[in-house]
Amino acid sequence: MTTLTTDPARAARRLPQYTVVDVRTPGEYASGHVPGAHNVPLDHLHSALPALKAAAARGEILVVCASGNRSATACTELAGADIPAVSLEGGTTAWADQGHPLDRPAGARAGWAMERQVRLAAGSLVVLGLAVGTRWRAARWISAAVGSGLVFSAATDTCGMAAVLSRLPHNRPRPADLDATLEALGGA
């Protein structure tokens, strides 16, 4: 199934007509999001389907992430539940690069983007494998495994390490925040 997309300029012109759903982690969302976006992390999308169905009944849904990959995945899941949605091409990165504003919650700490978290974790594991490998040769397999995982990730456009990192506490929404978002989506 082909995901419907829209470019940032067109999305900016039509922003008041959209219900914007940001599927990044709460930390990424706090670092800057499309104005008016509701944060529903991708791994919580299934539980948000009833609220998103209600939102779609009121108007179009624009799904946003950092680069467009996760939002395309979300749009596919939404389409499987008969919820029409459009993905923002290039995500918040393209949005900001074209000069459109990003909202940041007051007092929120800016988190690292998932890609940056993956680079830190992968690089640390490679260095660890090489450093420990000087004393214990089998530890070099850690570096080989991470390198292989990165190649697989690039070839399949998926990322197992990001899936694992998204489960860390700083990347998880507080239940109260997610409940409030779902309530706003379902009844707003």
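**Exercise 1. Taking stock of the chain**

Find how many helices and strands the chain has, and in what order they come.

*Solution.* Start with the count: this predicted model has nine helices and five strands. Next, walk along the chain from the N terminus, and the elements read β-α-β-α-β-α-β-α-β-α-α-α-α-α. Then look at the overall dimensions: the C-alpha atoms fill a box of roughly 60 × 40 × 35 Å along the principal axes. Now turn to burial: of the 188 residues in the chain, 39% are buried. Finally, consider contacts between residues at least 6 apart in sequence: 70% of these join residues at least 24 apart.

**Exercise 2. Putting the sheet in order**

Work out the order of the five strands in the sheet and decide whether the pairing is parallel or antiparallel.

*Solution.* Strands of a sheet pair through backbone hydrogen bonds, either parallel or antiparallel. Let us go pair by pair.

- Step 1: strand 2 (residues 18–22) pairs with strand 3 in the parallel sense, over two bridges. Here Val-21 stands opposite His-38 of strand 3.
- Step 2: strand 2 also runs parallel to strand 4, and five bridges join them. In this pairing, Asp-22 has Val-64 of strand 4 as its bridge partner.
- Step 3: strand 4 pairs with strand 5 (residues 86–88), again parallel, over two bridges. Leu-62 is partnered by Val-86 in strand 5.
- Step 4: put together, the open sheet has the order 1-5-4-2-3, with parallel pairing. Strand 1 (5–6) and strand 3 (38–39) are the edge strands, each pairing on one side only.

One more thing to look for is the connection between two of these strands: strand 4, helix 4 and strand 5 make up a β-α-β unit that is right-handed.

**Exercise 3. A residue inside the sheet**

Is Thr-19 buried or exposed, and which residues does Thr-19 touch?

*Solution.* First, place the residue: Thr-19 belongs to strand 2. Next, check its accessibility: the value is 17%, and because buried means under 20%, Thr-19 counts as buried. Then list its contacts, leaving out residues up to four places away in sequence: Thr-19 touches His-38, Ala-55, Glu-60, Ile-61, Leu-62 and Leu-185. As for strand 4, four of its five residues are buried, so that strand is mostly covered.

**Exercise 4. Tracking down the salt bridges**

Locate the three salt bridges and say, for the pair Glu-60 and Arg-14, which parts of the chain are tied together.

*Solution.* Side chains of opposite charge can pair when their charged atoms come close. With that in mind, take the pairs in turn.

- Pair 1: the side chains of Glu-60 and Arg-14 form a salt bridge, 2.4 Å from N to O. Since Glu-60 is in strand 4 (residues 60–64) and Arg-14 in helix 1 (residues 8–14), the pair ties together parts 46 residues apart in sequence. Glu-60 is partly exposed at 33% relative accessibility, and Arg-14 is partly exposed as well, at 27%.
- Pair 2: Asp-22 and Arg-24 form a salt bridge whose closest N and O atoms are 2.8 Å apart. Asp-22 is buried, with a relative accessible area of 0%, and Arg-24 is buried at 4%.
- Pair 3: Arg-70 and Glu-28 form a salt bridge, with 2.9 Å between the closest N and O atoms. Arg-70 sits in helix 4 (residues 69–80) and Glu-28 in helix 2 (residues 26–30), so this pair links parts 42 residues apart in sequence. Glu-28 is buried, at 1% relative accessibility.

**Exercise 5. The two sides of helix 7**

Check the span of helix 7 against its number of residues, then find where its buried residues lie.

*Solution.* Begin with the span: helix 7 (residues 140–156) has 17 residues, which at 1.5 Å a residue should span 24 Å. The end C-alpha atoms are 25 Å apart, which agrees.

Now pick out the buried residues of helix 7: Ser-143, Val-146 and Ser-153. Looking down the helix axis, these buried residues fall within an arc of 90°, so they line one face of helix 7. The buried residues pack against helix 6 (114–133).

On the face turned away from the buried side, you will find the exposed residues Trp-141, Val-151, Phe-152 and Ala-155. To finish, step just past the end of helix 7, where Asp-157 takes a positive phi of about 55°.

Note on methods. Residues numbered from 1 in each chain as written. Predicted model: local features only at pLDDT ≥ 70, side-chain atom pairs only at ≥ 80, totals over all residues. Heavy atoms only, no water. Salt bridge = Lys/Arg side-chain N within 4 Å of Asp/Glu carboxyl O. Buried < 20%, exposed > 50% of the residue type's maximum accessible area, 1.4 Å probe, protein only. Pairing = 2+ DSSP bridges. Expected span 1.5 Å × (residues − 1). Arc of directions from axis to C-beta. Contact = heavy atoms within 4.5 Å. Right-handed = clockwise from strand over helix to strand, strands pointing away.
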